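Work through the exercises below with the model open. Try each task before reading its solution.

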Amino acid sequence: MKFHRATLAFAFTALTGLCLASTHAAPTATIQKVSTAETPKAYRMDAARYIYASYPDRIYKGKLPPLVHAIVVAEVVVDGAGGVKHINMIRVPTHAPDVTASVQKMIHAASPLPAPSRMGGATFTEIWLVDKSGRFQLDALTEGQR
């Protein structure tokens with residue numbers, strides 16, 4: 001059987017690429033169950049990462065548009081096991097009450113959040129920046145605006 005040099009080179013390149021891709025594959029996302037944060041500010045970051053991991057398809061990728069559809073500011077109280085005890089809505093969009101309800105549902109559905117093991121419970125405030133599509137970024141992890 002005769003192979004052309006170009007065919008063999010292509011096959012070698014393709015196989016090498018497949019081998020490298022399999023050995024350097026991106027790790028699967030893991031959800032942190034326990035937070036070692038010592039301050040509410042540090043815990044806020046752990047909670048934000050946890051919420052992002054819980055809703056990967058709902059995260060707005062890249063910089064947000066100059067005007068977002070809605071902004072929700074929520075103060076969340078969690079117990080020592082990370083269970084959501086209370087959500088105090090500090091700022092809600094009056095033009096989009098459905099967004100407020102959606103944010104509350106997402107927080108409750110993600111519960112328990114990472115257990116604040118060093119604090120025995122935590123209270124943190126997070127700003128939800130929501131696009132017209134329903135996708136969001138949290139202020140703790142935002143990529144900014146255009």
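**Exercise 1. The two sides of a helix**

Task: Which residues of α3 are buried, and how do they lie around the axis?

Solution. The model is a predicted one. Start with the burial values. Val99, Thr100, Val103, Met106, Ile107 and Ala110 of α3 are buried. Next, look down the axis. These residues span an arc of only 130°, so they sit on the same side of α3. The spacing fits a general rule. An α-helix has 3.6 residues a turn, so residues three or four places apart point the same way.

Now turn to the other side of α3. Pro97, Asp98, Lys105 and Ala109 are exposed there. Then ask what covers the buried residues. The cover includes α2 (40-54), β2, β3 (84-91), β5 and β6.

Finally, check the helix length. α3 covers residues 97-110, 14 residues in total. From first C-alpha to last, α3 reaches 20 Å, close to the 20 Å expected at 1.5 Å a residue.

**Exercise 2. The nonpolar core**

Task: How many residues has the largest nonpolar core, and which have the most contacts inside it?

Solution. The core has 31 residues. Those with the most contacts inside it are Tyr43, Val76, Ile107, Leu113, Trp128 and Phe136. Next, assign the core to elements. α2, β2, β3, α3, β5 and β6 each give two or more residues. α2 gives the most, with six.

Take Tyr43 as a worked case. Leave out residues up to four places away in sequence. Tyr43 then touches Ser35, Ala37, Val78, Leu113, Pro114, Pro116, Met119, Ala122 and Phe124. Leu113 is on this list and is also among the core residues with the most contacts.

**Exercise 3. The partners of a strand**

Task: Which strands pair with β5, and in what sense do they run?

Solution. Take β2 (residues 70-79) to begin with. β2 and β5 pair in the antiparallel sense over ten bridges. One of the bridge pairs is Asp79 with Gly121 of β5.

Move on to β6 (residues 136-138). Three bridges join β6 to β5, and the two run antiparallel. Val130 has Phe136 of β6 as its bridge partner. β5 and β6 form a hairpin, with five residues between them. In the turn, Gly134 has a positive phi of about 95°.

Last, consider the setting of β5. Seven of its ten residues are buried, so β5 is largely enclosed by the rest of the structure.

**Exercise 4. An acidic side chain in β5**

Task: Is Glu126 buried or exposed, and which backbone nitrogens does its side chain meet?

Solution. Locate Glu126 in β5 (residues 121-130). Its relative accessible area is 3%. The cut-off for buried is under 20%, so Glu126 is buried.

Now follow the side chain. It reaches the backbone nitrogen of Asp139 at 3.1 Å. A polar atom of the Glu126 side chain also lies 3.2 Å from the backbone nitrogen of Ala140. Then list the wider contacts, leaving aside neighbours within four places in sequence. Glu126 is in contact with Arg44, Ala48, Val72, Val73, Ala74, Leu138, Asp139 and Ala140.

**Exercise 5. A residue of β2**

Task: What surrounds Ala70?

Solution. Ala70 is found in strand β2. At 2% relative accessibility, Ala70 is buried. Set aside residues up to four places away in sequence. Ala70 touches Pro93, His95, Ala96, Val99, Trp128, Leu129 and Val130. Finish with a distance. Ala70 and Val92 are 22 residues apart along the chain, and their C-alpha atoms are separated by 8.1 Å.

Note on methods:
Residues are numbered from 1 along each chain as its sequence is written. This is a predicted model: local features need pLDDT of at least 70, side-chain atom pairs count only at pLDDT 80 or more; totals for chains, interfaces and linings use all residues. Side-chain values use heavy atoms; hydrogens and water are left out. Helices (H or I, at least four residues) and strands (E, at least two) are DSSP runs, numbered from the N terminus. Buried means under 20% relative accessible area, exposed over 50%, partly exposed in between (1.4 Å probe, protein chains only). A polar contact is a pair of N or O atoms within 3.5 Å; within protein, one must be able to donate a hydrogen and the other to accept it, and residues adjacent in sequence count only if both atoms are side-chain atoms. Contact means heavy atoms within 4.5 Å. Two strands pair if DSSP finds at least two bridges between them. The expected span of a helix is 1.5 Å times one less than its number of residues. The arc is that of the directions from the helix axis to the C-beta atoms. A nonpolar core is a set of buried Ala, Val, Leu, Ile, Met, Phe, Trp, Tyr and Cys residues joined through side-chain atoms within 4.5 Å.
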